[in-house]
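Good morning, colleagues. I should like to speak briefly about how the secondary structure elements are arranged in the model now being shown.

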Amino acid sequence: SHKSEFSEKWRVAMGVLAGGRCSQLLLLGLLVLAVPLFVEAQDEEPAEGFGCPMEVTVPWTYAEEVKVDLSESVKFDDVANPLALSTICTCPAATDDGAMSTVCTCEGPKEDDCDTYAHMMAVVMLTAEKFFGVFMHMSELEDKYHIQNISFFVVLGTILGWIGFIMILYSEIKAVLIVRERDERDRLLHGNYLKRNESKMKEMNAQEEAMLVPRPYLTMVGAVLLWLGFLVQLLPFCNILALIFPGLEFFKGMCWLFVILFTLVIGAASVLLLVGLIWSCTRGWAALVLVTLGLLGELLVFGGILPIILWLVLSVAILYLYFKWAPDYFEETEGDRREWLQDLGNWYQMSTSVDDWMVAASQQGQSMGNEGLGIVKAVPGGSNVIEAVAPSSSSPSSTGSSGSLDPPSGGI
């Protein structure tokens, strides 16, 4: 009868939880964490009776005293006390003796507040309080920090982030296509499959370099927009984030500074990771450096202020050594750089001259126009439409859909 009563309570409680607003994935995660603890704690026989106390041992400690009321730990608008328990568990703060576990005392006014079902739910909710405490108290934090109306910031941040992401993709993929075409041309020349024509080579290289002029502006502006997207989305949650990452005591009382630095590191690491992945098929060694730094930044950002500073210093040093110092050193001492020292071109250095900005903007507009014409021509009947609208635009041209030039026949 005791087991059947427990099963019935457990079935009702799980039905209420699954039908409420709680995330089912979060609930499943809590059960996976708590069930082994509950099985281990079965050696402790909970007492029975009015106001019965019972002890629940959890394999972690709390910085401050924690009190969990099972009657209020899960709340729904239309259901009062969904767990059907009045048990209150109190866990003392960690002491200086180096203990690795905590013995919590639970008691309640009803006879079944200390039975097997109550014991298991106590383990579940104490686990939730330890690892998901911020989310368990989200309703209180919403009222305290006024974060109910944040849809505008989330939508705006998402739009900015996606615009930045697409700009980086467009800029770097276009550069990869130009470099791969140049590599293939060099391979054909070295294999004597094509006849070298210096004048045409200079012309093609000049036009390719012109198409790469807007690249650093697009990539860096995209990186800034990506960071602003993260910042706008997370700034309304700055107090919540400070609670989720309590290891960053340095920012206590300055949540806005924490969010700015947090998003800067996330944004910079994301840009390095994205650029590295795009170039991985063309410049493997250089891409490996960027991807490694990007992944390292995404991981260390959760470690606190010291890992963040360490990553910033390490990233600047490695990028300078790999892309600047080592190539110059080997070119001066050996006449040529090593094979594993690969160049990605100029993807981050922007000019401070307004004239250069205008040139880059003009070149980007012309390039996008040519790319648009190439896309229209690729559609069946597109050439006829272009001829009807603008006959001069359909004149013979060597510019393809990617904006690069096809090698002319008869040698290059």
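I begin with a pair of helices: α13 and α14 are oblique to each other. This is a predicted model. The assignment rests on the crossing angle, because angles that are neither under 35, nor over 145, nor from 65 to 115 degrees count as oblique. Here the axes of α13, residues 354–378, and α14, residues 382–389, cross at roughly 125 degrees and come within 6 Å.

Which residues make this contact? From α13 there are Leu373, Val376 and Lys377, and they meet Gly382, Ser383 and Ile386 of α14. Sorted by class, the contact comprises three nonpolar residues, two polar residues and one charged residue.

I turn now to the sheet. It is open and is formed by four strands, in the order β1-β4-β3-β2, with antiparallel pairing. Which strands stand at the edges? They are β1, residues 54–58, and β2, residues 66–69; each has a single partner strand, so one side of each lacks a neighbour in the sheet. From one strand to the next, the twist averages 25 degrees.

Within the sheet, β3, residues 88–91, and β4, residues 102–107, run antiparallel and are joined by three bridges. Cysteine 89 has cysteine 106, in β4, as its bridge partner.

Finally, a helix packs on this sheet: α3, residues 116–131, which touches β1, β2, β3 and β4. The direction of α3 makes about 40 degrees with that of β1.

Thank you; I welcome your comments.

Methods. Residues numbered from 1 in each chain as written. Predicted model: local features only at pLDDT ≥ 70, side-chain atom pairs only at ≥ 80, totals over all residues. Heavy atoms only, no water. Pairing = 2+ DSSP bridges. Helix = DSSP H or I, 4+ residues; strand = E, 2+ residues; numbered from the N terminus. Axes fitted to C-alpha atoms, helices over the stretch in contact; angles between N-to-C directions. Contact = heavy atoms within 4.5 Å. Nonpolar A, V, L, I, M, F, W, Y, C, P; charged D, E, K, R; others polar.
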